[in-house]
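Thanks for sending this one over. Here are my notes, point by point, for you to follow with the structure open.

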Amino acid sequence: MNKRAEIMTGLEQSAFWMPYTANRQFKKAPRLLARAEGMYYWTPEGRKVLDGCAGLWCVNAGHSRPKIVEAVRRQVATMDFAPTFQMGHPIAFEFADRLARIAPPGLSRVFFTNSGSEAVDTALKIALAYQRARGEGQRFRLIGRERGYHGVNFGGMSVGGIPFNRKTFGPGVAGVDHIRHTHDPARNAFSRGQPAHGAELADDLERVCQLHDPSSIAAVIVEPVAGSTGVLVPPQGYLERLREICTKHGILLIFDEVITGFGRLGKAFASQRFGVLPDLCTAAKGLTNGTVPMGAVFVRDTIYDAFMQGPDGIELFHGYTYSGHPLACAAGLGTLETFEEEGLFERAAALDAYWQDAAHALKDARHVVDIRNLGLVAGIELEPRKGAPGRRAYETFVKSFEAGVLIRYTGDTIAFSPPLIIEKPQIDRIFETTRSILSALD
Ligand SMILES: Cc1ncc(COP(=O)(O)O)c(C=O)c1O
């Protein structure tokens, strides 16, 4: 047995403290992946697994794409690292400028981070610093939304609306409040695309404005489509209304596009799909096709310009050692090239109808209480097993992996978000596998 195979059979004592994982359960019965190409993973034993969730919502162009592999290989051999604090390297400027061309209109300044969580915290800090720079330093409040997920750092966790995080890690950042979430199965169950009911839930921001006075609020952050808390698609007219209220009160609107960015909904960014323009938006995951960790904040020109009016010197006291890391920029350029050559920004729109029909065909499947979809995302919500919430979705996920299809689950919702290169027979395989598992599940 070679060294790596040995490690894999003795995981129970492994030093690796796995993230967001039931460590003891996993190490007793590991699910391992050893190789990937295109739409597939292979397990260490050579079993082929169809990727129904783009790794972790990030491998949007499919695995080990040649342009990306070659760009990273070339870059690591040329220059492994160079700082971006008071120094620069051409590839970071090139990548930012290329990104600005696909960004939502006007959001053409790019701040690099290493993850979605860091992008969120960076966006929140830019919002606070901008309000101060324009003479509105009393705007210190940050408003999130119930059931929001904005990563795991303190800022993102605080504006996030996940009770478990809030319970475990204490009060978080001061001056945070939340508007209501938009999930309304009583009126919207089995909606195809954007639900018809709930635009008025955006008015909850007016309630929060009344409570705190709008002049104390710096920014509101929402995911255009909430992914990690169960695929919650915004009701028709909701994001438009949120935009109006923010504009009326001088509040910045931040879209967290860590999941929705990079073609997931059929445009480069969700804001372009919805026709609603935020003031800042985050990206990560698909930005480098998951190859090298990277996040980014896209910032409206006028916000950047406000920082450039101050005294000469460092305009924003913020940055990461690896902001604009050369390997991440190389992976990003390779990703952009792949997307542009293969029309991947638009591909989710072309498959939208087929995907929607395939997902909603499970309406009569066992245990299913709701199906939600948009672009190449779908959530199938199961009725919780009595006394064991989340268990049915977990078992579906495990059995699906055993049957050769990788999916995700969150709570009692199974989430699907395949690479955008998926073909129709592969879409059929994903949902047929889920149907057959559900039919045999307690
Ligand atoms: C909307 C959103 N924001 C932020 C994050 C955090 O990104 P990361 O895990 O790269 O820190 C995620 C991760 O899933 C996300 O879905």
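1. Let me start with the smaller piece of sheet architecture. In this predicted model, four strands make up an open sheet with mixed pairing, and their order is β1-β2-β3-β13. β1 (35-37) and β13 (405-406) sit at the edges, each of them pairing on one side only. Look at the β3 end: strand β3 (residues 48-51) runs parallel to β13, and two bridges join them. To find the spot on screen, go to D51, which has L406 of β13 opposite.

2. Next, the domains. The domain assignment splits the protein into domain 1 (31-60 + 343-439) and domain 2 (67-341). Note that domain 1 is given as two segments, 31-60 and 343-439. The C-alpha centres of the two domains are 26 Å apart.

3. How many residues of domain 1 are in contact with domain 2? The count is 32 residues from domain 1, in contact with 28 residues of domain 2. On the domain 1 side, the elements giving two or more residues are α3 (54-57), α15 (344-360), β11 (368-374), β12 (377-382) and β15 (413-416). α15 has the largest share there, with nine residues. As for chemistry, that side of domain 1 breaks down into 14 nonpolar, eleven polar and seven charged residues.

4. Now the other sheet. Seven strands form this open sheet, again with mixed pairing, and the order to trace is β4-β10-β9-β8-β7-β5-β6. The edges are β4 (109-113) and β6 (176-179), each pairing on one side only. On average, neighbouring strands are turned by 20° against each other, direction ignored.

5. Walking through the middle of that sheet, strand β7 (residues 217-222) and β8 run parallel and are joined by four bridges. A219 is the residue to click on here, as its bridge partner in β8 is L252. From strand β8 (residues 252-256) you step on to β9, again in the parallel sense, over three bridges. There D256 stands opposite T282 of β9. The next step changes direction: β9 and strand β10 (residues 295-299) run antiparallel, with four bridges between them. T282 turns up again in this pairing, with V297 as its bridge partner in β10.

6. Is β8 enclosed or open to the outside? It is largely enclosed by the rest of the structure, because five of its five residues are buried. L252, I254 and D256 point one way from the strand, L253 and F255 point the other way, and all of them are buried. β9 (residues 280-283) is likewise covered on both faces: L280 and T282 are buried on one side, C281 and A283 on the other.

7. Which helix should you look at against this sheet? I'd pick α6, which lies across β4, β5 (141-145), β7, β8, β9 and β10. Its angle to β10 is about 30°.

8. The same helix matters for reading the ligand site, so keep it displayed. α6 (residues 116-133) supplies the largest share of the shell around the ligand, three residues. There are 14 residues around the ligand, and those that come nearest are S115, G116, S117, G151 and V258. The shell is made up of five nonpolar, seven polar and two charged residues.

9. Finally, have a look at R300. This arginine belongs to the loop between β10 and α13 (301-307). Why does R300 count as buried? The cut-off is 20 or more other C-beta atoms within 10 Å, and R300 counts as buried because it has 22 such neighbours. Leaving out residues up to four places away in sequence, R300 touches G106, L107, D279 and L280. L280 is one of the buried residues of β9 listed above. R300 also makes a nice example of distant sequence brought together in space: P104 is 196 residues away along the chain, yet the C-alpha to C-alpha distance is 9.1 Å.

Key:
Residues numbered from 1 in each chain as written. Predicted model: local features only at pLDDT ≥ 70, side-chain atom pairs only at ≥ 80, totals over all residues. Near = placed C-beta within 6 Å. Nonpolar A, V, L, I, M, F, W, Y, C, P; charged D, E, K, R; others polar. Domains from an automatic or database assignment. Contact = placed C-beta atoms within 7 Å. Pairing = 2+ DSSP bridges. Buried ≥ 20, exposed ≤ 12 C-beta atoms within 10 Å, placed from the backbone. Axes fitted to C-alpha atoms, helices over the stretch in contact; angles between N-to-C directions.
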